[in-house]
Amino acid sequence: QVQLVESGGGLVQGGGSLRLSCAASGAIARINAMGWYRQAPGKQRELVAGITSSGSTNYADSVKGRFTISRDNAKKTVYLEMNSLKPEDTAVYYCNADVVRIFGQRGDYWGQGTQVTVSS
């Protein structure tokens with residue numbers, strides 16, 4: 001089994017910063033792309049940022065220049081550094097990973113989500 005465990009969410013004032021972490025564990029042979037998604041109340045889940053195994057990144061237009069995604073392959077962990085936070089960044093943030101398991105099965109896995117609330 002594969003698990004993704006997120007941490008680092010919380011309440012912050014507008015203009016502040018937070019750093020999210022997501023650690024993968026289990027029978028993992030390789031992790032391909034990893035990413036962060038978010039879902040605000042009444043809205044669809046959307047991609048915030050993604051990173052390939054080689055480190056190429058992509059971002060939603062709404063967070064470019066403010067958020068930075070990175071990963072530590074040895075620790076099987078992906079991070080999201082969020083700066084200049086705005087109230088509209090308020091959402092539940094989910095970690096996602098494309099994982100190849102030790103016996104070859106490939107799957108798309110999600111974390112449980114972590115709440116980020118930005119006050120105005």
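# A tour from Glu81 to the core

Begin at Glu81, which counts as partly exposed because its relative accessibility is 29%. The model on screen is predicted, and residue numbers run from 1 along the chain as its sequence is written.

**Stop 1: the partner of Glu81**

Keep Glu81 selected and add Arg19. The two side chains meet in a salt bridge, with 3.7 Å from N to O. Arg19 sits in strand β3 and Glu81 in strand β8, so the selection spans distant parts of the chain, 62 residues apart. Arg19 also counts as partly exposed, at 44% relative accessibility. This is one of 6 salt bridges in the structure.

**Stop 2: the sheet around β8**

Now show β1, β3, β7 and β8 together. They form an open sheet of 4 strands in the order β1-β3-β8-β7, with antiparallel pairing. The edges are β1 and β7, each of which pairs on one side only. From one strand to the next the twist averages 15°. Select β7 next to β8: this antiparallel pair is held over 6 bridges. Across from Glu81 in β8 stands Thr68.

**Stop 3: the disulfide**

Which cysteines does the disulfide join? Select Cys22 and Cys95, whose sulfur atoms lie 2.1 Å apart. The count for the structure is 1 disulfide. Turn the view to look along the S-S bond: the angle about it is -80°, and the link is left-handed. Cys22 belongs to strand β3 and Cys95 to strand β9, and the two are 73 residues apart. Cys22 has a relative accessible area of 0% and is therefore buried. Cys95 is likewise buried, with a value of 0%.

**Stop 4: along β9**

From Cys95, extend the selection to the whole of β9, residues 91-101. How much of this strand is buried? The answer is 10 of its 11 residues, so that β9 is mostly covered.

Take the pairings of β9 in turn:

- β4 runs antiparallel to β9 and is joined to it by 9 bridges. Within this pairing, Trp36 stands opposite Cys95.
- β11 is also antiparallel to β9, with 3 bridges between them. Here Ala91 stands opposite Val116.
- β10, residues 106-110, is joined to β9 by 5 bridges and runs antiparallel to it. Val100 has Arg106 in β10 as its bridge partner.

Follow the chain from β9 into β10. The hairpin of these strands has 4 residues between them, and Gly104 takes a positive phi near 100°.

**Stop 5: the nonpolar core**

Select Trp36, Val48, Phe67, Val78, Leu80, Met82 and Tyr93. These are the residues with the most contacts inside the largest nonpolar core, which has 31 residues. At least two core residues come from each of β1, β3, β4, β5, β7, β8, β9 and β11. Which strand supplies the largest share? β9 does, with 5 residues.

Now centre on Tyr93 and display its surroundings. Apart from neighbours within four places in sequence, Tyr93 is in contact with Glu6, Leu20, Trp36, Tyr37, Arg38, Val48, Phe67, Leu80, Met82, Gly113, Thr114 and Val116.

**Stop 6: the salt-bridge network at Arg38**

One contact of Tyr93 leads to the last stop: Arg38. Add Glu46, Arg66 and Asp89 to the selection; with Arg38 they are linked in a network of salt bridges. The bridge between Glu46 and Arg38 has 2.7 Å from N to O. Asp89 and Arg38 form another, at 3.0 Å from N to O. Asp89 lies in the loop between β8 and β9, and Arg38 in strand β4, so this pair ties together parts that are 51 residues apart in sequence.

Is Arg38 buried or exposed? Colour the selection by accessibility: Arg38 is buried, because its relative accessible area is 6%, and the cut-off for buried is under 20%. Asp89 is buried as well. Glu46 counts as partly exposed, at 36% relative accessibility. The two bridges to Arg38 therefore have partners of unlike cover: Glu46 is partly exposed, whereas Asp89 is buried.

Terms used. Predicted model: local features only at pLDDT ≥ 70, side-chain atom pairs only at ≥ 80, totals over all residues. Heavy atoms only, no water. Core = buried A, V, L, I, M, F, W, Y, C linked by side-chain atoms within 4.5 Å. Buried < 20%, exposed > 50% of the residue type's maximum accessible area, 1.4 Å probe, protein only. Contact = heavy atoms within 4.5 Å. Disulfide = S-S within 2.5 Å. Pairing = 2+ DSSP bridges. Axes fitted to C-alpha atoms, helices over the stretch in contact; angles between N-to-C directions. Salt bridge = Lys/Arg side-chain N within 4 Å of Asp/Glu carboxyl O.
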